[in-house]
Amino acid sequence: MPDPAAVYLRDATPDDADALARLTTGHATSGRNADQWRSWIADAATIVLVAETSGAGIVGFLDVRQAADEAEIIDLRVSPPSRRAGIARALLDRLADDLAGRGAARLFLEVAVDNAPARALYTKQGFEDVARREAYYKRPSGERVDALLMVRETDASDGDHRHE
């Protein structure tokens, strides 16, 4: 598990595409290949933040799409050996700063109802449950799992920070 002080957060670049593709290989919601990651990173409506260490390279990322004054977390992932070290929380904190500057007043996400660690993290970060999507996720076993739609207001909701 990396020391949180030794983790560096930054905006993703096209050079990160191969590492991001490796982190998402086989994942149903964000299993993009390197070329798809390069296109995603280049899109102005997308924020991709990465967490890296000097020894392990990229150990996590946060992938967000913004439309007008709303943003949605598409994926937040930390590699298994690096979990429980505060990396996901740090990525969410950095995102909050970025979104305030981009004028996003609300941040949405979906999370499986049975993902207790993620739900606890999001609740601690100020997210609230607003809806439930029944049988939204399909597990490899075929089991269907509900998703919770969660939302939180951002600092941009206190004023108009939009760039026109």
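Over which residues does pLDDT stay under 50 in this predicted model? The answer is residues 159–164, a good place to begin our tour of close-up views.

**Figure 1. Confidence varies along this predicted model.** Averaged over the protein, pLDDT is 87, and 88% of the residues score at least 70. For residues 159–164, where pLDDT stays under 50, the model has eight contacts beyond four places in sequence. Where pLDDT is low, the predicted coordinates should not be read in detail.

**Figure 2. Helix α2 has a buried side and an exposed face.** Take a look at residues 34–42, which form α2: Ala34, Trp37, Trp40 and Ile41 are its buried residues. Seen down the helix axis, these buried residues fall within an arc of 115°, so they line one face of α2. The face turned away from the buried side carries Asp35, Ser39 and Ala42, which are exposed. What covers the buried residues? The cover includes α1 (17–24), β2 (46–53), β3 (57–67) and β4 (70–78).

**Figure 3. Asparagine 33 caps the N-terminal end of α2.** In this view, find a side-chain oxygen of asparagine 33 and the backbone nitrogen of aspartate 35: 3.0 Å lies between them.

**Figure 4. The largest nonpolar core has 28 residues.** Leu62, Ile73, Leu76, Ile87, Leu95 and Tyr122 are the ones with the most contacts inside this core. At least two core residues come from each of β2, β3, β4, α3 (87–102), β5 (106–112), α4 (116–124) and β7 (144–153). The largest share, six residues, is supplied by α3. Apart from this core lies another, with 14 residues, including Ala17, Ala19, Trp37 and Val50. In soluble globular proteins, nonpolar side chains tend to be buried together.

**Figure 5. Tyrosine 122 and its contacts.** Which residues does tyrosine 122 touch, leaving aside its neighbours within four places in sequence? You can find Leu76, Leu92, Leu109, Val111, Phe127 and Met150 in contact with tyrosine 122.

**Figure 6. Strand β7 pairs with β5 and with β6.** Eight of the 10 residues of β7 are buried, so to speak of this strand as mostly covered is fair. β5 and β7 are antiparallel and share seven bridges; here arginine 106 has glutamate 153 in β7 as its bridge partner. β6 (residues 128–138) also runs antiparallel to β7, joined to that strand by seven bridges. Look for tyrosine 137, which stands opposite valine 145 in β7. Five residues lie between the strands in the hairpin of β6 and β7, where glycine 142 takes a positive phi near 100°.

Conventions: Residues numbered from 1 in each chain as written. Predicted model: local features only at pLDDT ≥ 70, side-chain atom pairs only at ≥ 80, totals over all residues. Heavy atoms only, no water. Buried < 20%, exposed > 50% of the residue type's maximum accessible area, 1.4 Å probe, protein only. Helix = DSSP H or I, 4+ residues; strand = E, 2+ residues; numbered from the N terminus. Arc of directions from axis to C-beta. Contact = heavy atoms within 4.5 Å. Polar contact = N/O pair within 3.5 Å; in protein donor to acceptor, adjacent residues only side chain to side chain. pLDDT = per-residue confidence, 0-100. Core = buried A, V, L, I, M, F, W, Y, C linked by side-chain atoms within 4.5 Å. Pairing = 2+ DSSP bridges.
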